[in-house]
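Welcome! Please take a moment with the sequence and the 3D view before reading on. The report below walks through some charged pairs and some helix contacts.

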Amino acid sequence: MADVLLVDDDKTFTDATAELLGLLGHKVTIAESVESARSILQAQEFDRILLDLMLPDGSGFHLLDDIPQNTGTTQVTIITGHPSIKSRVSELVGDNVNYLVKPIRLEQLEALFGDRESTPSNPGVTRHFDALIGETDSMHELYRQIEQVARTQANVMLVGESGVGKEVFAQAIHNASAATGKLVACNCGAFPAELIGSELFGHEKGAFTGAAGRKAGVFEQAQDGTLFLDEITEMPLSQQPNLLRVLETSTVTRLGASDVLPVNCRVISATNRSPDQIAKDHSLREDIYFRLAVFPMTIPPLRDRQDDIPLLVDDYLSSLNKEQNSNIELTDEGLQRLLDYDWPGNVRELRHLIHRSFILSDPESSVLELPKQFSSPFSNRDSADASDTLVGKTIEEVERKLIMDTLECFENNKTRAAEALGVSIKTLYNRLNSYESDEREAKGGQ
């Protein structure tokens, strides 16, 4: 149990937070102003102070000098309503200060006080459900949805652009649930068509050429846990009836076997196509879609939650600094550049940029050296002057240009290009083969 001083003039907030802290077994004293908090600190020492910066009679910073310095045991946590506040005030306070962003939730307090078995690697950033980082309204709405669906066994479909972190969301749902099994992830776009049945449902020895032994499929591996089917819309239509059968009967039959095996797992699927696109291009059968999308969740792109960028960057840098025993930081100017960019590759692109910049930075300067330009074939800023050249083009011509530009950007590395485009490597090869066929036909007709 910890003695906690909660300093905030918002009574609704202090009542709710005091109740949550009480549920965790902590003793809470509330102060609504700098002066009242100062009086309390003169009479009592606290293990933890939760401090709002904006108080009726002054700044919460004024209280830092009143905290007893002789023991060194009082931990200060600054409460703010804006996630980027950390980057603005970190130079003004010591290492003994970290942050919480309103609205504060129970799992944030659990992580802060170490009441969970797994705490964040960076105490200044909260990992919701031990997985997700973000304090914008759109993220908190998703946290609410995760809490709701975690109480059930409903299948979830995650919809979002490439790079938004759909697998991390799947991990969060799994962590929030009462599942006793593990999370098993597979990419439906990465399996050869002839082997996808084996990967999903398993096989017996001798079931086909090369089947040297028995193999459990991913449904069996995820027993009593969660199965994450990424790029579900890349699954061949010929295999979808077999998947539907498993979803309807909760049983699988390994290839080459006659025995029916019961399976019990939540299925979380993911796609970068919208429901309208799925219906239009018939990438999923209708009956499969409604079985998988019992609880659909749309993940916002990073450009729609830019206030989370400082938190994500802080977490990435903290991990890299810990790994390399360094102290490289991002300047305010650098942060503004990140905030001004539109991040077409989303969280994945941000993470890769920070990692690449970290490698190229001079450890002696302790400053993260960002590249002079953030280049991406998908950036609104990079392509703003190209809109006129696309007028009058067919969708096929625009798609072809996008693919070829992406390949050029990644020096013809097809794996990286497919990842950036948000398609499977098989889909990319199919497109390139069709372009070659078109060129041969065009030459033959001349």
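## A charged pair: aspartate 287 and arginine 285

Aspartate 287 is partly exposed in this predicted model, with a relative accessible area of 31%. Its partner is arginine 285: the two form a salt bridge, and their closest N and O atoms are 2.6 Å apart. Arginine 285 is partly exposed as well, with a relative accessible area of 31%.

As background, side chains of opposite charge can pair when their charged atoms come close. Over the whole model, the count of salt bridges comes to 13.

## Lysine 215 and glutamate 199

Another of these pairs joins lysine 215 to glutamate 199, where the closest N and O atoms are 3.0 Å apart. Lysine 215 belongs to strand 11 (residues 215-216), while glutamate 199 sits in helix 7 (residues 196-201), so the salt bridge ties together parts that are 16 residues apart in sequence.

Are these two residues buried or exposed, or something in between? Lysine 215 is partly exposed, at a relative accessible area of 28%. Glutamate 199 also counts as partly exposed, at 21% relative accessibility; that value lies just outside the buried class because buried means under 20%.

## Glutamate 204 and arginine 254

Next, look for glutamate 204 and arginine 254, whose side chains meet in a salt bridge at 3.1 Å, N to O. Glutamate 204 is found in the loop between strand 10 (202-203) and strand 11, and arginine 254 in the loop between strand 13 (251-252) and strand 14 (261-262), so this pair ties together parts that are 50 residues apart in sequence.

Both ends of this bridge fall in the buried class: glutamate 204 has a relative accessible area of 15%, and arginine 254 has one of 13%. Coming back to aspartate 287 and arginine 285, that salt bridge has its closest N and O atoms 2.6 Å apart. Elsewhere, salt bridges that share partners join Glu204, Glu220 and Arg254 into one network.

## The chain as a whole

Now zoom out. The chain has 18 helices and 16 strands. It holds 446 residues, and 46% of them count as buried.

How do contacts reach along the sequence? Among contacts between residues at least 6 apart in sequence, 68% join residues at least 24 apart.

## Helix 12 against helix 13

Two packed helices are described by the angle between their axes and the distance between the axes. For helix 12 (residues 309-324) and helix 13 (residues 332-340), the axes come within 10 Å and cross at roughly 125°. The two are therefore oblique to each other, and their crossing is right-handed.

Which residues make the contact? Helix 12 provides Ile309, Pro310 and Val313, and helix 13 provides Leu335, Leu338 and Leu339. By class, that gives 6 nonpolar residues, with no polar and no charged ones.

## Helix 12 against helix 14

Helix 12 also packs with helix 14, at an angle of about 40° and with the axes 10 Å apart. These two helices are therefore oblique to each other, and helix 12 passes helix 14 in a right-handed crossing. On the side of helix 12 the contact involves Ile309, Leu312, Val313, Tyr316, Leu317, Leu320, Asn321 and Gln324; on the side of helix 14 it involves Val347, Leu350, Arg351, Ile354, His355 and Phe358. The classes here are 10 nonpolar, 3 polar and 1 charged.

One residue to pick out is arginine 351, which has its place in helix 14 (residues 346-360). Arginine 351 counts as partly exposed, at 37% relative accessibility. Its C-alpha atom is separated by 8.1 Å from that of leucine 312, a residue 39 residues apart from it along the chain.

## Helix 5 against helix 6

The last stop is helix 5 (residues 137-150) with helix 6 (residues 166-176), which pack at an angle of about 45° with their axes 9 Å apart. That angle makes helix 5 oblique to helix 6, and helix 5 passes helix 6 in a right-handed crossing.

To find the contact in the 3D view, select Met139, Leu142, Ile146, Val149 and Ala150 of helix 5 together with Phe169, Ala172, Ile173 and Ala176 of helix 6. These residues divide into 9 nonpolar, no polar and no charged.

Conventions. Residues are numbered from 1 along each chain as its sequence is written. This is a predicted model: local features need pLDDT of at least 70, side-chain atom pairs count only at pLDDT 80 or more; totals for chains, interfaces and linings use all residues. Side-chain values use heavy atoms; hydrogens and water are left out. A salt bridge is a side-chain nitrogen of Lys or Arg within 4 Å of a carboxyl oxygen of Asp or Glu. Helices (H or I, at least four residues) and strands (E, at least two) are DSSP runs, numbered from the N terminus. Buried means under 20% relative accessible area, exposed over 50%, partly exposed in between (1.4 Å probe, protein chains only). Axes are lines fitted to C-alpha atoms, for helices over the stretch in contact, and angles run from 0 to 180 degrees between N-to-C directions. Angles under 35 degrees count as roughly parallel, over 145 as roughly antiparallel, 65 to 115 as roughly perpendicular and the rest as oblique. A crossing is left-handed if the near helix is turned anticlockwise from the far one by less than a right angle, and right-handed if clockwise. Contact means heavy atoms within 4.5 Å. Ala, Val, Leu, Ile, Met, Phe, Trp, Tyr, Cys and Pro count as nonpolar, Asp, Glu, Lys and Arg as charged, and the others, Gly among them, as polar.
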